[in-house]
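Subject: Handover of a structure

Dear colleague,

Please find below the structure that I am passing on to you. I should be grateful if you would look it over before reading the notes that come after it.

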Amino acid sequence: MNAMNALRTAVRGPVLLPGDPGFDAAHRPWNLAVAQPVAAVVEAADADDVSALVRHAGAAGLSVAVQPNGHGASGSAAGTILLRTGRLDTLEIDPVARRARVGAGVASGRVQAAAARHGLTGLPGSSPVVSVAGVALGGGLSWFGRAHGWVADAVTALDVVDAEGRARRVTADSDPDLFWALRGGGGDFAVVTALELTLHPAPHLFGGRVLWAGSHAEEVLDAYRRITADAPDELTVWLDLLHFPGSAPMVAVDATYLGPSDAARDLLAPLDRLARPLSDTLGVMPVSELGAITAEPTDPGPGLSRAELLTVLDDAAAKSLLADPIAPLLSVQVRHLGGAFTRPSDTPQGALTEPYALYMFGIPADAETAAAVAARQRDLASALPVSGRKPYTFLGPDESAADAFSPDALARLRRIKRHHDPHGVLRANFPV
């Protein structure tokens, strides 16, 4: 019996090999534009199953790539055993300690719904279907990051299976190097089966989207710049240039404010002086409904993205951003950072001094369109004041961990990788 067929007896969870019914769907990543020709797919029954799989892979000279639901796939998983952790779905909320214990397969939206019942919140991103573990391993840019920092900063402990198949609990005291690496350095060092993270009070939340015709983009961007110039840390505002197939260009402002609505409306008052919007959903909202603001797809699909960090959003940058239509891109998003992101962080990401993040997205319907999307992203990035650093969580398939970390942080991550996984049993979406 070869090593792949032996998987069926090594673990208790489902095992799918090429040619098995359901394999094609099981191995696909969230981004259907990324090829992922893995050797097998294993859906772990529990943490013990993860240990058994890692031991089996190590003994057979194979590698394991972990993807709870396929977000962040880069193509690096080719030839590996793809581990799905969706069944690791533990979720416990301790409202007194303001702490959550979250299984590796738990999506952000589920944590938000559970925490909201106690007037608390995690640090959610724009999509409710992304796993909390995956976001934390990549650092994590949250709606509330200006107030509370990286998602990884909130992690206080991790349950892992190491490269030898041993179950361990990792904290800052038990293994400071591994703890540091796992909080934002990716999944190259151990398989996370659960994590504990700090929750934050959220007695009030105001948020939503205001949408205008694209002809108002210049004045909307001007208002956006004025709002973000002196925004308090509790306010997060994103700008979106949108051009969907069959529709005219549009521009939107997305916002959240951790506080009462009257204060939020005062801070967002420059928007009230603009032209009448096409729609306006700003209002008091529960933290469990954050995903409704940008309404990102909740099913897999093809996409081609590129992210950059902007060193400034001055007059010249604003002019370059709006100089030409964004087509064939569907969206160009500018996220306001700053606040707690600029403070010291004992994570591989460290402090994030760039004040804005740029995220450009298009659909590669065919080879010609894919080339046009990439060219537009490249042209826009070259016209703007970018730092050259990219958030790990936003890396694209043609980029690497070296694009996300400082040379010192990358060197430390590589030392930790060699120490904890010298034989390369584990493979992250973006290996160090």
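The notes below describe the overall build, then the nonpolar cores, and finally the surface and charges.

Please bear in mind that this is a predicted model. The protein contains 13 helices and 19 strands. Its radius of gyration is 22 Å, close to the 22 Å that the globule rule gives for 432 residues, so the protein is as compact as a globular protein of that length. Taken along the principal axes, the box filled by its C-alpha atoms is roughly 70 × 55 × 40 Å. Of the contacts between residues at least 6 apart in sequence, 73% join residues at least 24 apart.

As to the interior, 54% of the 432 residues count as buried. In soluble globular proteins, nonpolar side chains tend to be buried together. Here, the largest nonpolar core has 78 residues, and within this core I81 and L195 touch the most other members. Leaving aside residues up to four places away in sequence, I81 touches ten residues' worth of surroundings that include M4, L7, A40, V42 and L53. Also among the residues touched by I81 are A57, L62, S63, V64 and A65. There is also a second, separate core of 39 residues, and V237, A317, I326 and V373 are among its members.

Turning to the surface, the accessible area of the protein comes to about 17400 Å², and carbon and sulfur atoms account for 52% of it. The protein carries 36 positive and 47 negative charges, whose mean positions are 3 Å apart.

With kind regards

Definitions and conventions
Residues numbered from 1 in each chain as written. Predicted model: local features only at pLDDT ≥ 70, side-chain atom pairs only at ≥ 80, totals over all residues. Heavy atoms only, no water. Core = buried A, V, L, I, M, F, W, Y, C linked by side-chain atoms within 4.5 Å. Buried < 20%, exposed > 50% of the residue type's maximum accessible area, 1.4 Å probe, protein only. Contact = heavy atoms within 4.5 Å. Helix = DSSP H or I, 4+ residues; strand = E, 2+ residues; numbered from the N terminus. Rg over C-alpha atoms; globule rule 2.2 N^0.38 Å. Areas by Shrake-Rupley, 256 points an atom, 1.4 Å probe, with all protein chains shown as cover. Lys, Arg positive; Asp, Glu negative; His and termini not counted. Charge placed at Lys NZ, Arg CZ, Asp CG, Glu CD.
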